[in-house]
Every structure is written in structure tokens, then in C-alpha cells.
Amino acid sequence: MQTIPIVHFEAASTLAVVVSSNEPLLFLSDDLKVIAASASFCRAFDIDPKTVCGQRLSEIGNGEWAMPKLASLLTATASGSAIIEAYEIDFQRPNQKTRHLVVNARTLDDGDIDHIRLLLAITDVTDVRAEARLKDDLVRDNAILLQEVQHRVANSLQIIASVLMQSARRVQSEEARGHLHNAHHRVMSIAALQRQLSMSNGGKVELRHYFTQLCQSLGASMIADPDRLSIQVTVDDSAVDADVSVRLGLVVTELVINALKHAFPDERSGAIVIDYHSSGKDWTLSVTDNGIGMPAGRDAPKSGLGTGIVEALTKSLNADIELSDAGPGTAVTIRHRESAGLRTDFSTAAQEPNGLRNAIPAKPTRLAPPI
């Protein structure tokens, strides 16, 4: 005949809570005999509720709860020398898959000062862990697919750039050749971004490395004598979302191309400096050259495609553009201020009727801003 531990009358409420709990719970004596088990525990582990009370933990069911390490921890918890918090066990039964359980145990003051009682809570995390593994597998597979797509896009961009260069060599028109060269440089700008994206984490692009790669590509294709002309990059540790980096990269491409074409005529030596720094959500991008400077008055050229591209990109970045004399040379500064709210008109546009457009040529003569 089973001996059921005598329960102090003040433990009745604890018993009621255990038995009616929706979570698998065991109410144990200090010698690890079951005082009560929740119905949810019996259902979860296929145990007849009538066979539980008075049994030692190691004896319930078919002996699958005979776990020496768990018993040792529970005994230590009862003595006050240990605490069981989120202890994980592999629960095994014959002809069934292993289940992953998380157990927590604590002593209870139920009014019986002569006996220590333990409350053991069990959580089955088998399905949760399986879902987490599946999610991790999907994330890993998606990352591999994304990387493959990026490689394919980068390869396609290189093919397009090659076709543009071949076309430029074949055409007779200098104007058409210039347009093809410009298209080639813009494609290479995106290709540089693709290379950077393939090495970045979480879709963030580190601008210092990206701008450096971009300017190296532009310099290699447009600067015949590196001792005469150079492109310098001074960028802080800023990293931006991929879509923002695309727009910034295209802005830098247009400004650098224009400066290389028009700021240094007659084999003039000089340098172009790309600077970017941010503070919180505010940032400033500038492209400065020490070339021949901006023409004024009647000599000011009309706007071209580069102007339209830079203006559109600046507007999409919710930023303002400012042109200034670098003494010598020209500086184009693009600023984004989060506190400014809605974007205002270009600062130069507020000063002149046609604003930035009057400062940018359609043909390769030196212009106000290097665009």
C-alpha cells in the first residue's frame, strides 16, 4: 500500500493551484515523493494520474524520470544549497522521439515548518527549438541565395560596362562617345556598391570602404597620370542602408566625373576630395576640387544630365545642396538635417532664379559646381 505524504492544512491552497494548473507542475516532498501533479503534467507525459501521488519522482511513468542529475539538483535545492533555473534535459521514452524540456524548481513555504516542499515546473520546448532551427536554416539559405543574386548582378553589371566601353570605341560621334563613357562610369558605380553589399552585414554599407572603392574605379578609368591628378577620400565610420548608399554613390560619381573632366584643363595638376561625416541622423557630403573654379555671369554654363541626376538624388535624400568657391576650385556640399523637417529649396536656388541649373553645363567646359 502506497504511503502518501501528510500535507499540512495550510498547503491545501498550493495543492489546489498545482492540480488545476494549465502548466505541467509537480509538488514534491524533500525526499522527492510526489505530493500532487497537475492534470496537464499527466496529459503531457502520458501518465495515469491515479499512479502518481506517493511515488518517488524516479518511479513515475515507466521510470523515464529516473534522472540522477535532476534528482541531485532537486535534493540540493531542498537543502538550500542550489537553485534550479532553466535547467535543460533531454527526455527519452522507448519508441518515441527525444523531447527537450526546461525545468525550474523552488522551495515553498506552505506553513509546514517541519518539511520542505518543492514546486517543479516543466516546459516542453521541443517544438519551439525545432521552429527556431527551421528559421535559422531558412535565414542561412536566404543569405546564401542573396549572396548568389548579388554575385550574378555584379557579373551582369560588369558585362554591361564592357559592352558600353566597346560601343564607345566604335562610335564616330564625340558626343555619343562621351555619353557612353558616362554611362559606363555610372554602371561601375553600382558595381562597386554591389561588391560592398556582398561583404556587408544586415544590408548596411560602410561608406569609407565603398567610396574608396568607387573612387579607385573612377580614377583607374579616367586618370591617365596619377601623379598629376588624385582622388582622396576622408569619411568617418558611418554606415547607411543600401538604398541610401546607392544614391550617395551616384552623387559622388557625378560630381567626381564632372570635376575630372572640367576642373583641370591643359594638364593642370590637382586633387579632388570626397568628405562625409555624420552626427546622429544628420550628415554632410562634400566633393571639393582645387581646379580652375566656377565661371560667373555670361560664362556660366547651362545644366546637363549630371545636374539633373544630382538634383534628383539630393531631393530624394531630403537634403540641400550648396555650391561655393573653394579658393581655388569648387566645393559642392550636400547636407541632411533631420531637425529641418520637410526639405527646403536648394540654398543656391533661393539666391538665383534658376539656382543650381545655371551653374552646370551640358558640354565639357568648366562649370560652377563639378556636376
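This note covers the nonpolar cores and salt bridges of a predicted model.

1. Basis. Local features need pLDDT of at least 70 and side-chain atom pairs count only at pLDDT 80 or more, while totals for chains, interfaces and linings use all residues. Residues are numbered from 1 along each chain as its sequence is written, and side-chain values use heavy atoms, without hydrogens and water.

2. Main core. The largest nonpolar core (buried Ala, Val, Leu, Ile, Met, Phe, Trp, Tyr and Cys joined through side-chain atoms within 4.5 Å) has 37 residues. Phe-211, Leu-248, Val-256, Ile-274, Tyr-276 and Leu-285 touch the most other members. Elements giving two or more residues include α6 (207-222), β7 (229-235) and α7 (242-262); helices (H or I, at least four residues) and strands (E, at least two) are DSSP runs numbered from the N terminus. The largest share, nine residues, is from α7.

3. Second core. Apart from this core lies another of 26 residues, including Leu-28, Cys-42, Ile-60 and Ile-122.

4. Salt bridges. There are eight (side-chain nitrogen of Lys or Arg within 4 Å of a carboxyl oxygen of Asp or Glu) in the structure. One of them joins Arg-99 and Asp-124 at 2.5 Å, N to O. The two residues are 25 apart in the chain, in strands β4 and β5 respectively. Arg-99 is buried at 17% relative accessible area, whereas Asp-124 is partly exposed at 32% (buried is under 20%, exposed over 50%, partly exposed in between; 1.4 Å probe, protein chains only).

5. A loop pair. Glu-267 and Arg-228 form a salt bridge at 3.4 Å, N to O. Glu-267 is exposed at 62% and Arg-228 buried at 18%.
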